[in-house]
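Please look over the fold below. The report goes through it site by site, under short headings.

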Amino acid sequence: MELVFSKNYDIKLGPFSKIHPFDSQKYGRAMQKLRKMLSDKIIDEHLHIPHSAVDSEILAQIHDINYLESLKSSRNIATALEVPIAKYVPKFLLDKIILKSMRYACAGSILAAELAFISPKATAVNMSGGYHHAKPNKAEGFCIYSDIALAVDYLRNSNYLGKEDTIAYIDLDAHLGNGVAHFFIEDKAFKIFDMFNSDIYPKEDYKARERVDFPVDLKSGCKGEPYLGHLKELLPSFLNDIDNAKFAIYNAGNDIYENDPLGRMSVSRAAILERDLFVIRELNKRKIPIMILLSGGYTTTSFEMIADTIYEFLK
Ligand SMILES: [Zn+2]
């Protein structure tokens, strides 16, 4: 398993760190924890660093140009981030502290996607990303840019994937990956498996819900046992039904965790590890190159659960 990480991923909000429930430094914390659990040597052997953030030209390949222009005003950035108070912060600062970190994460997803094809285990984790609510012309749910659409665009333009090659997108974050559904609304090669809490945002995005090829609606409070039961029964059917996937994206949000304030589900830490191992092994078994993205997870335990999973593959 290859790891993609940059020190620029962490969003350092200083005194404003309480304005959003996000542990905006879970990426660096997960890396530090892994260095302690394993060793610097093991980590450094598998570590890949995106050396620059994606630029406006790359973003314009997938996002609406007027939307990208709108991100040049503090008011619009504040709306996009769903943090109203941010409109009083100068735009250069919002860009430098928050948006630039996200553009680094996008570069990381592109790098991880490529590593999935060229590394020996065909498995790469971007230690950030998974901005699955971002739409072509709109930010939502703290997701500004679609690292997922960018990675797919890169793979297709670099001939790792043909336009018709099947991509399996597996979204196990507690929230429906509505932005991804909108990006690939007419793209038949992009197959979506999404297990999500249907009681929470974005429950009114019916268009996205309808686009999902294999939706698994769950309810608030869903516990680990039924969760894993559904996953183990349905994911193999999804993978068997779709035409030989040439690439898989696993959006591994751990906001299904029992104490997560946004996901509102009730899955234990042990069950989340079991979930991750099951998904990755199902894909490895089928020899499908896989990119893993961290996505949501809003507790102080989130970074530890990320480390739990990666540890199993590098120990
Ligand atoms: Zn989520």
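## A helix residue and its contacts

Where is the place of Thr309? Thr309 sits in helix H12, which covers residues 302-314. Note that this is a predicted model.

Is Thr309 buried or exposed? Its relative accessible area is 6%, so Thr309 is buried, the cut-off being under 20%. Beyond its neighbours within four places in sequence, Thr309 is in contact with Leu273, Asp276, Leu277 and Ile280.

## The zinc site

Three residues coordinate the zinc ion: Asp173 through OD, His175 through ND1 and Asp255 through OD. The distances run from 1.9 to 2.1 Å. Along the sequence, the donor residues follow the spacing D-x1-H-x79-D. His175 and Asp255 link distant parts of the chain, 80 residues apart. His175 is in the loop between strand S4 (167-171) and helix H8 (178-183). Asp255 is in the loop between strand S7 (247-251) and helix H11 (269-285).

How accessible are these donors? His175 has 7% relative accessibility and therefore counts as buried. Asp255 is buried too, because its relative accessible area is 0%.

## The sheet

In what order do the 8 strands of the open sheet run? The order is S2-S1-S3-S8-S7-S4-S5-S6, and the pairing is parallel. Strand S2 (47-48) and strand S6 (214-218) are the edge strands, each pairing on one side only. In general, the strands of a sheet pair through backbone hydrogen bonds, in a parallel or an antiparallel sense.

At the S6 edge, strand S5 (residues 190-197) is joined to S6 by 5 bridges, and the two run parallel. Phe193 has Phe214 in S6 as its bridge partner. Helix H7 (residues 147-157) packs on the sheet. H7 touches S4, S5, S7 and strand S8 (290-293). The direction of H7 makes about 165° with that of S7.

## Strand S3 and its partners

Strand S3 spans residues 123-126, and both of its faces are covered. Thr123 and Val125 are buried on one side. Ala124 and Asn126 are buried on the other.

S3 pairs with S1 and with S8. Strand S1 (residues 2-4) is joined to S3 by 3 bridges, running parallel. Glu2 stands opposite Ala124 in S3. S3 and S8 pair over 4 bridges, also in the parallel sense. Here Asn126 stands opposite Leu293 in S8.

## Arg156 in helix H7

Arg156 lies in helix H7, the helix that packs on the sheet. Is this arginine buried or exposed? Arg156 has 13% relative accessibility, so it counts as buried with the cut-off at under 20%.

Which residues are in contact with Arg156, leaving aside its neighbours within four places in sequence? They are Leu161, Gly162, Lys163, Ile167, Phe184, Asp187 and Ala189. Ile167 is also where strand S4 (167-171) begins.

## The largest pocket

Rolling a probe the size of a water molecule over the atoms shows where empty space is left. The largest pocket holds about 290 Å³ of space. Its lining is made of 16 residues. Ser56, Leu68, Leu71, Lys72 and Arg103 are the ones nearest its centre.

Which helix gives the largest share of this lining? H6 does, with 5 residues. Helix H3 (56-60), helix H4 (65-70) and helix H6 (91-118) each supply at least two residues of the lining.

Methods. Residues are numbered from 1 along each chain as its sequence is written. This is a predicted model: local features need pLDDT of at least 70, side-chain atom pairs count only at pLDDT 80 or more; totals for chains, interfaces and linings use all residues. Side-chain values use heavy atoms; hydrogens and water are left out. Donors are N, O and S atoms within 2.8 Å of the metal (3.2 Å for Na, K and Ca); water is not among the atoms, so sites may look incomplete. Buried means under 20% relative accessible area, exposed over 50%, partly exposed in between (1.4 Å probe, protein chains only). Contact means heavy atoms within 4.5 Å. Two strands pair if DSSP finds at least two bridges between them. Axes are lines fitted to C-alpha atoms, for helices over the stretch in contact, and angles run from 0 to 180 degrees between N-to-C directions. On a 1 Å grid over the protein atoms alone, a cavity is a set of points where a 1.4 Å probe fits but cannot get out, and a pocket is an open set with protein on both sides within 12 Å along at least five of seven lines; lining residues have an atom within 4 Å of a point. Grid points are joined across faces, edges and corners, and a volume is the space filled by probe spheres set on the points.
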